[in-house]
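I opened this notebook to write down, step by step, what I looked up in the structure. The entries follow the order in which I went through it.

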Amino acid sequence: RKRPALEKPLGERILEALPEGARRVVLALREVFPQGIYLVGGAVRDALLDRSGPDLDLVLEPGVRVGEVARFLVERFGGSFGLHYAFGTARVRVSFGLTVDLAESREEVYPYPGALPQVRPAPIAKDLERRDYTVNAMALSLATLELLDPYGGLEDLRNRLLRPLHPLSFVEDPSRIVRGARLAARLAFRFSEEALKALPPALLPEVLKGASKSRLRDELFLTLEEDTFLEALSLLEELGALGPLYGLKLPPRDPFVRLRWEPLEEEGFPPGRARMEARLLLLLYFQENPLEKALALGLPKRLQEALALLLKGSWEEVDKEALGKEPLRSVFLALFPEKEGWLTEKRRVLMGRDLLQLGLKPGPRVGEILRQVAEARARGEVRTFEEELALARRLIGDGSFSVPQ
Ligand code: ATP
């Protein structure tokens, strides 16, 4: 079939879909490195969907050095970089706010299912082989602008399907299931027939026992950072994976919808992180044995303590100050919206020693005045500490007390 005359070659369309800064970086690399550099993974996928994110993932074939490319980018555009010799990777932060991840092209060998892979240098085709879904296994050659698509990712992208590259993909790395659910929720994709068939064997206890706990945890936390995390969790539940992977059940939706963020950002939390933490606390709150689950997920002590506090339930005994701090505050208010007034009521109230400072002698009048001020407070007649003080002054001044000194 002939293309319409106006349709540009795919490679050029991908370049055009990149944000300005990313395109500058890619064009500069094309000029200087005649071959061996590829734009890969999410960057290609997102550009083809016209929803480019801020970061670039580049893979370098043997012969192009990660250090050399990183140095070139920093010389040309300013910024800084960190090298991981052991992994053959580098992260460049270009001065105009772009992060470029560089990785040497490699293949992975899994010593046993679920184990962390061993890696060695290899051509780009091998690098694509070890990826999770066909739509993530495409690469754009910067030299020729040719799109490498060995697994039919473009077709799956059009049909919005997540298809693993081979039937044992999930057994090799069950965290790919979570990545899939996250992408499906974010991009409105579906798991392919092959994906659905590949699931059950990967969810067997003997497979999950060998799976990397830290990868699974990281993917859960990344999922909780997304706006569509509830859809992702529901999908995992529908697929029968939420229990086997994490020992979690689907929580009710309403409290998550009630989470409010303004206060988090005011307190200078990095927003993505704080949202994730609040959602995580809420998710655990609705589980059986929440504290055990928190421990199993390796939650930092701070969050474990926050969870313990939430679980206390008898709020009158709890120190309000602790509940007033983020991310606990948002979670508390999402769970108990009716407690908002109680929680935010932190103002100072009149105490006996304030009356002594006003010159009142210790004695029953102190208690009597405190009682009258408290009643006025309950009726809403005094709203600030200053107003309470003024009222106390008036009460002391007019001698209309029946209680003798
Ligand atoms: P996001 O938009 O969430 O960052 P991404 O696809 O760029 O999506 P990354 O986590 O940055 O996600 O991963 C980059 C690429 O590495 C993916 O596109 C995928 O090809 C590959 N990848 C990441 N994790 C795995 C995994 N567990 N198994 C196989 N391939 C993976």
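**Entry on the sheet.** I began with the strand order in this predicted model, and I found an open sheet of seven strands that runs S3-S4-S5-S2-S1-S8-S9, with mixed pairing. At its edges I noted strand S3 (79-84) and strand S9 (147-148), each of which pairs on one side only.

Within the sheet I then followed one pairing in detail: strand S1 (residues 37-40) and strand S2 (residues 56-60) are antiparallel to each other and share three bridges. Which residue of S2 is the bridge partner of Leu-39? I found that it is Leu-58. As a reminder to myself, the strands of a sheet pair through backbone hydrogen bonds, in either a parallel or an antiparallel sense.

**Entry on the helix across the sheet.** Next I looked up helix H4 (residues 66-77), which lies across S1, S2, S3, strand S4 (89-94) and strand S5 (98-104). Its direction is at about 170 degrees to that of S3.

**Entry on an aromatic pair.** My search of the whole structure for aromatic pairs returned nine. One of them joins Phe-77 and Phe-96 in an edge-to-face arrangement, with 5.6 Å centre to centre and 85 degrees between the planes. The pair links distant parts of the chain, since Phe-77 belongs to helix H4 while Phe-96 sits in the loop between S4 and S5, 19 residues apart.

I also asked whether each ring is buried or exposed, taking under 20% relative accessible area as the cut-off for buried. Phe-77 has 13% relative accessibility and therefore counts as buried, whereas Phe-96, with a relative accessible area of 31%, is partly exposed.

**Entry on other rings.** I recorded one aromatic cluster made up of Tyr-133, Phe-170 and Phe-191. Elsewhere, I noted that Lys-339 lies over the face of Trp-342, at 5.1 Å from the ring centre.

**Entry on the cores.** How many residues does the largest nonpolar core have? I read off 106 residues, and those with the most contacts inside this core are Leu-29, Leu-39 and Val-100. Helix H16 (residues 271-285) gives the largest share of the core, seven residues.

I then listed what Val-100 touches when residues up to four places away in sequence are not counted, and the list includes Val-25, Leu-56, Leu-58, Leu-73 and Ala-90. Last, I looked up a second, separate core of 13 residues, among them Val-373, Ala-376, Phe-385 and Leu-389.

Definitions and conventions. Residues numbered from 1 in each chain as written. Predicted model: local features only at pLDDT ≥ 70, side-chain atom pairs only at ≥ 80, totals over all residues. Heavy atoms only, no water. Core = buried A, V, L, I, M, F, W, Y, C linked by side-chain atoms within 4.5 Å. Buried < 20%, exposed > 50% of the residue type's maximum accessible area, 1.4 Å probe, protein only. Helix = DSSP H or I, 4+ residues; strand = E, 2+ residues; numbered from the N terminus. Contact = heavy atoms within 4.5 Å. Pairing = 2+ DSSP bridges. Axes fitted to C-alpha atoms, helices over the stretch in contact; angles between N-to-C directions. Phe/Tyr/Trp six-rings, centres within 6.5 Å; stacked < 30°, edge-to-face > 60°. Lys NZ or Arg CZ within 6 Å of the ring centre and 35° of its normal.
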